[in-house]
Every structure is written in C-alpha cells, then in structure tokens.
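Trainee: I am new to this structure and would like to go through it by question and answer. Please show it to me before we start.

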Amino acid sequence: MDAKGDVNVGKVRPSIVKRTARKLLEMYPTEFTDDFEVNKNLVRKYLDVQSKKLRNQIAGYITRLVKIRKRLEQ
C-alpha cells in the first residue's frame, strides 16, 4: 500500500526504457532469458549505453517481459 492508500500501484518506467526493451526483444527474441544478469550482459553487447542505471532498467524490463511471455505460453 502506498501513501495514498492505493494497493495495486505499478512501477513507472520511462518510455525510452520500454521502447528500447521491446525493440531489443523484437530484434533478438531467442537471446534474452528470465535471468537479469544474462540480460544485462546482452544489453551491454547490443547497445552502447553510457549509464549503468539505464542499462539495468532496460535489462530489468526485458526480464519482466520474458517472464510474462513464459507465463502466458503455459
């Protein structure tokens, strides 16, 4: 529960994180896994991201999308 009393509050992610993560998943659909560390290294490999925070946000969002995709396939 947050300060306003809302129970289901999701994370707010910048659109650049979402757009980049979806584009990477579209370009390399079989490369990414549900392991954050693997995805972090793949993001480093495919993108020239200067910011560690931005790289981790993109890798984290990719990890979340892969987990959701796996759950829907079952």
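Trainee: Is lysine 70 buried, partly exposed or exposed?

Mentor: This is a predicted model, and the relative accessible area of lysine 70 in it is 40%. Buried means under 20% and exposed over 50%. Lysine 70 therefore counts as partly exposed.

Trainee: Which side chain meets that of lysine 70 in a salt bridge?

Mentor: The pair ties together parts that are 36 residues apart in sequence, because lysine 70 lies in helix 3 and its partner in the loop between helix 1 and helix 2. The partner is partly exposed, with a relative accessible area of 35%. The N to O distance is 3.5 Å, and the partner is aspartate 34.

Trainee: Lysine 40 and glutamate 37 also meet in a salt bridge. What separates them along helix 2?

Mentor: Their side chains meet at 3.3 Å, N to O. Lysine 40 is buried at 15% relative accessible area, whereas glutamate 37 is partly exposed at 42%. The two are 3 residues apart in helix 2, so what separates them is about one helical turn.

Trainee: Which helix supplies the largest share of the largest nonpolar core?

Mentor: That core has 13 residues, and Leu24, Leu25, Phe32, Val43, Ile58 and Ile62 touch the most other members. Helix 1 (15–27), helix 2 (36–46) and helix 3 each supply at least two residues of the core. The largest share, 6 residues, comes from helix 3.

Conventions. Residues are numbered from 1 along each chain as its sequence is written. This is a predicted model: local features need pLDDT of at least 70, side-chain atom pairs count only at pLDDT 80 or more; totals for chains, interfaces and linings use all residues. Side-chain values use heavy atoms; hydrogens and water are left out. A nonpolar core is a set of buried Ala, Val, Leu, Ile, Met, Phe, Trp, Tyr and Cys residues joined through side-chain atoms within 4.5 Å. Buried means under 20% relative accessible area, exposed over 50%, partly exposed in between (1.4 Å probe, protein chains only). Helices (H or I, at least four residues) and strands (E, at least two) are DSSP runs, numbered from the N terminus. A salt bridge is a side-chain nitrogen of Lys or Arg within 4 Å of a carboxyl oxygen of Asp or Glu.
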